Amino acid sequence: MAERKHLGGSCVNFGCTPSKAVLASARLAHQARSGATFGLRIPTVDVDFPAVLARARSLLLESRGSLRRGLENESRIALFSGQARLAGREGKRFRVRVGTSLLLANTVVLDTGTRAEIPRIPGLAELDYLHAGNWLNAPERPEHVVFLGAGDIALELGQFYRRMGSRVTLVERSTEILSAEDAETARTLRTLLESEGIDFAMESRVAAVKARARGVSVTLRSGRGPARVERELLASHVFVASGRRPNTGDLGLSSVGLRLGPDGIIPVDARLATRVGGIWAAGDIRGGAMYTSTAWDDYRVLASQLLGDGARTTERVVPYALFTDPELGRVGLTETQARASRKRIEVGRYEMRANGKARELGETNGFVKVIVEQGTGRILGATIVSHLAAELVHLVATLMNAGAAASVLADGLQVHPTLAEAVQSAIAAIGRKDETSAHGERHARSQVEQSIPVPRTPSGRGARAER
């Protein structure tokens, strides 16, 4: 194994681990400010911003150290520090240079991840800007941070900075955030974030930035031709969150005849094999879903190909989440995608404000939407916007992995009161044409109705079905 800088990749060093740690601090501050709702008098909430970052940094260092100890204690693994590059072949083996060391390998796995995409904006190169890789090293709380982009990173960290007390503006070229989601989902999340004081500059782009004596001048441009409008924002910090670029430009790929695909990705098949026999690619650089979970599953695909029966592939169900508060949990098709596929579908929906546990927690924002194929009862996808949506979506993902019908969850008995009941209620809202008997349908509905005092059936408050 060869690593240029730190073990653990983006997740451990600046992504999942530290970002979710600071989001936990931000959520606690937000809850404390809402103490009166719960009958608690919390007169002030003092944010120690360096301490918040220090906690996150300690968690990442702990994870990074654990990884190193685990590898160093494994006698069959040799860990090299430095930039690794392919350097042609020697017979049937590949030459790999790491610093002054030359390795010969029958098999090479490329897993070099991505870095922040930095757009060409006048003045940006002269600015000490923030991005996904360095935000944790900025010790002071921004007075006003302007994000270039309104994707996952901007939404999560934008809410973090806002709850820490910063002004936050997100600049987005599109008409709506989160282009991969249903318009309703994106609109719901944007409205919730706006309610916390986050500003969105939609259908706008940053035309130029310039350092000032006190902060940064950001020129926004919207419209075209005679309708073009420019305005200036004064900020303390600029955060570049306009995408990710694969780390594939300096790997010596041409020395073995391997060419890059669009946007610097390495084309692979469903078994993660490249076009050059013996070279495989995993993680973000292979394109497709770019999550820590899929990168981890890539290891299982590779283990199957290199050491097992070769049956495991990247043809998989991929749940994912956006860790705003409330969270977005998603798996499979959105309603828009399902309708575009011309499948005959039914959509079960349930509002979180009707869920008993959500009301008790004071977490009533959001909804559950489950898309089911008519006739078969097969789940095509689900969208959950709620507290702990990243956990709840696994109820649906597990059924999809098992190839089970939605009725499996609808007919089951769940603990009350729980947020998970909202997922069951969304499915129960769907017409039960996949039932094997009228008695089975009546029993399932009776079980759902009697298990919770808050109405959870199609005729009850909060649930509905659509076709």
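This briefing describes selected helices, strands, residues, a pocket and a cavity of the structure above. The model is predicted, so local features are reported only at pLDDT of at least 70 and side-chain atom pairs count only at pLDDT 80 or more, while totals for chains, interfaces and linings use all residues. Residues are numbered from 1 along each chain as its sequence is written, and side-chain values use heavy atoms, with hydrogens and water left out. Helices (H or I, at least four residues) and strands (E, at least two) are DSSP runs numbered from the N terminus.

**Helix α2 and the second largest pocket**

- The 18 residues of α2 should span 26 Å at 1.5 Å a residue, and the end C-alpha atoms of α2 are indeed 26 Å apart, which agrees; the expected span is 1.5 Å times one less than the number of residues in the helix.
- The buried residues of α2 are P18, S19, A21, V22, L23, S25, A26, R27, A29 and A32, where buried means under 20% relative accessible area, exposed means over 50%, and partly exposed lies in between (1.4 Å probe, protein chains only).
- The cover over these buried residues of α2 includes α1 (9-13), α3 (49-72) and α4 (152-164).
- The second largest pocket has a volume of about 470 Å³; on a 1 Å grid over the protein atoms alone, a pocket is an open set of points with protein on both sides within 12 Å along at least five of seven lines, and lining residues have an atom within 4 Å of a point.
- Grid points are joined across faces, edges and corners, and a volume is the space filled by probe spheres set on the points.
- Of the 22 residues lining the second largest pocket, R27, H30, S34, G362 and E363 are the closest to its centre.
- Two elements, α2 (16-33) and α5 (183-195), give two or more residues to the lining of the second largest pocket, and the largest share, four residues, comes from α2.
- By class, this pocket lining holds seven nonpolar, ten polar and five charged residues, with Ala, Val, Leu, Ile, Met, Phe, Trp, Tyr, Cys and Pro counted as nonpolar, Asp, Glu, Lys and Arg as charged, and the others, Gly among them, as polar.

**The second largest cavity**

- There are two cavities of 30 Å³ or more, a cavity being a set of grid points where a 1.4 Å probe fits but cannot get out.
- The second largest cavity holds about 30 Å³ of space, and its lining consists of Q159, L189, L192, L193, E196, T324, D325 and P326.
- Helix α5 gives the most to the lining of this cavity, with three residues, and the lining residues divide into four nonpolar, two polar and two charged.

**Strands and their pairing**

- Strand β20 (residues 345-351) is mostly covered, with seven of its seven residues buried.
- In a regular strand the side chains alternate between the two faces of the sheet.
- Both faces of β20 are covered, with I345, V347, R349 and E351 buried on one side and E346, G348 and Y350 buried on the other.
- Seven bridges join β20 to strand β21 (residues 367-373) in an antiparallel arrangement, and four bridges pair β20 with strand β23 (residues 463-466), also in the antiparallel sense; two strands pair if DSSP finds at least two bridges between them.
- G348 stands opposite V370 in β21 and opposite A465 in β23.
- Strands β12 (residues 204-212) and β13 (residues 215-222) pair in the antiparallel sense over eight bridges, and they form a hairpin with two residues between them, in which R212 has G215 of β13 as its bridge partner.

**Individual residues**

- A389 belongs to helix α9 (residues 389-402) and is buried, with a relative accessible area of 0%.
- Leaving aside neighbours within four places in sequence, A389 is in contact (heavy atoms within 4.5 Å) with E327, L328, G329 and I384.
- D298, in helix α6 (residues 292-307), is buried with a relative accessible area of 0%, and beyond its neighbours within four places in sequence D298 is in contact with L272, A282, G283, R286, T314 and R316.
- G123 sits in the loop between β7 (114-116) and β8 (130-131) and counts as partly exposed at 24% relative accessibility.
- G123 and V209 are 86 residues apart in sequence, and their C-alpha atoms are 5.1 Å apart in space.
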